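User: I would like to learn how to read the features of a protein model, one at a time. Could you walk me through this one?

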Amino acid sequence: MKYIRFILKSLMRSKRRTLLILSTITLSVFLVTVLQSLLTTLDAVSNNPTSSNRIVVRHKSGLAQVLPMSYLAYLKAQPEVESATYLQWFGGQYKDPSNFFANFASDETTLFQVFKEEFGASGVTEDQIQDFMRDGSGCIVGRALADKFGWKVGDVIPLQGTIFPISPRLTVRVIFKGTKPSQENVLHFHYKLLEESVPRMKGRVGTFFLRVHNADEIPRLSARIDNHYANSAFETLSETENAFNLSFVKMLGNISAMIQGITAAVLVAILIVTAGTMSIAIRERTTEIAVLRAMGFRTGLVLSLLLGEGMLLVGAGGLFGVGLAGLAAGGIRKGLGASVPFLEDFSLLPSTMLLCLGITFVVGLLSTFIPAYQAMRRPITEGLRSIG
């Protein structure tokens, strides 16, 4: 600790250079932390533990096509199935197109059975569920969505249909709290309301969701369902809910490879900038290093002081970068979460922050050690000869 003042004075010898490299490292670590956290958030979308025992059955040609409602009887009759429900993306708008949120026409009688983890976390009472079932124009909404628009139980919500030519006025009967923020940005209303108002949806639905007893049975069940309806007018595609969600993420392209590529480029940039700057700083102090060694300072001590400067600079930049990313996380959730629902779950995991800080320290060590070691190998006489 007695050399810390010496290290700080050495760092502040060129304030402009120190601040520039500190800013560069801070911004680089900020970018790496945000990108890696985005990757973690995307990974969580396709690896949701509560979705691992659910299957999504949809039309083989895509989500724009519908399936006969009569399929439900066969699906429920399979021994692996614990419960089954169905829902249809409605895509309605609330007052303004910018007020985007997920809204579905769903089977009110089985919705809570299949998605019991999501709705069970809210402490929704049986009376509330019965109120929702009794009211044909009732709806349930997530807590985050209700807070966003100031809704409370009993409020009437007008939805403007964009896919279907109806504009239902829905009464909030249940406000639930999900296990994740993204689960609360959704609205469900009675499927019968859609079916009775839109003739072409009579006896048809977009997707079936099946809850199975054992996740290990999913591959066998999926294959049996798809084989059963093969070569029919309405062929099916059955997949796990995680795989279903992953298909939406894949619409963004190979974003994982893109993020890893950007991260690698940023780390290489940090290494080059830090190594170059530290190399220049140490070369400018060739005489000073030679004087210290001539005064009796051991080579190991001088090397440690130089490494200390580099590590302190890189460490400060890393901490500032992670802190800045933490401040930005809230803005990303609020600013982008409304348009990209899974970003409602964006957060910085401790493991991600530690990884970024660890990488930063390794880069700092490598970029400082090499020029410092080269300076130590230079003869003292050569360094003193440069005086004047």
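**Salt bridges, strands and contacts**

Analyst: Let's start inside one helix: Asp131 and Arg134 both belong to α6 (residues 126-134), where 3 residues, about one turn of the helix, set them apart. Helices (H or I, at least four residues) and strands (E, at least two) are DSSP runs, numbered from the N terminus. Please keep in mind that this is a predicted model: local features need pLDDT of at least 70, side-chain atom pairs count only at pLDDT 80 or more, and totals for chains, interfaces and linings use all residues. Residues are numbered from 1 along each chain as its sequence is written, and side-chain values use heavy atoms, with hydrogens and water left out.

User: What do the side chains of Asp131 and Arg134 form?

Analyst: A salt bridge, that is, a side-chain nitrogen of Lys or Arg within 4 Å of a carboxyl oxygen of Asp or Glu. For Asp131 and Arg134 the N to O distance is 2.6 Å. As for accessibility, buried means under 20% relative accessible area, exposed over 50%, and partly exposed in between (1.4 Å probe, protein chains only). Asp131 is partly exposed at 35%, whereas Arg134 is exposed at 61%.

User: How many salt bridges does the structure hold?

Analyst: There are 11. Another one links Asp147 to Arg143, with 3.4 Å between the closest N and O atoms. These two residues sit 4 residues apart in helix α7 (residues 143-149), about one helical turn. Arg143 is partly exposed, its relative accessible area being 34%.

User: Which parts of the chain does the pair of Glu80 and Arg224 tie together?

Analyst: The two side chains meet in a salt bridge at 2.5 Å, N to O. Glu80 lies in the loop between α3 (71-77) and β3 (81-89), and Arg224 in helix α9 (residues 218-228), so this pair ties together parts that are 144 residues apart in sequence. Glu80 is buried at 5% relative accessibility, while Arg224 is partly exposed at 27%.

User: Now the sheet, please. In what order do its strands come?

Analyst: The general idea comes in two steps. Strands of a sheet pair through backbone hydrogen bonds, either parallel or antiparallel. Here, two strands pair if DSSP finds at least two bridges between them. In this model, 9 strands make an open sheet with mixed pairing, ordered β6-β7-β5-β8-β4-β3-β10-β1-β11. Its edge strands, each pairing on one side only, are β6 (156-158) and β11 (236-240). From one strand to the next, the twist averages 35 degrees. Axes behind such angles are lines fitted to C-alpha atoms, for helices over the stretch in contact, and angles run from 0 to 180 degrees between N-to-C directions.

User: How do β6 and β7 run?

Analyst: They run antiparallel, joined by 3 bridges, with β7 spanning residues 169-176. Pro158 stands opposite Arg169 of β7. Helices also pack here, contact meaning heavy atoms within 4.5 Å. Helix α9 touches β1 (54-59), β3, β10 (207-212) and β11, and its direction makes about 170 degrees with that of β11. Helix α6 lies across β5 (138-142), β7 and β8 (186-190), at about 165 degrees to β7.

User: Why is β5 largely enclosed by the rest of the structure?

Analyst: Because 5 of the 5 residues of β5 are buried. Gly138, Ile140 and Gly142 point one way, and Cys139 and Val141 the other way. On the β7 side, the pairing is parallel over 5 bridges, and Gly142 has Phe176 as its bridge partner. With β8, the pairing is antiparallel over 3 bridges, and Val141 is partnered by Leu187.

User: Is Ser83 buried or exposed?

Analyst: Ser83, in strand β3, is buried at 9% relative accessibility. Leaving aside residues up to four places away in sequence, Ser83 touches Gln113, Val114, Phe209, Leu210 and Arg211.

User: And which residues does Val273 touch?

Analyst: With the same neighbours left out (up to four places away in sequence), Val273 touches Ile21 and Thr24. Val273 belongs to helix α11 (residues 255-283) and is partly exposed at 33%. Its C-alpha atom is 8.3 Å from that of Thr24, although the two residues are 249 apart along the chain.
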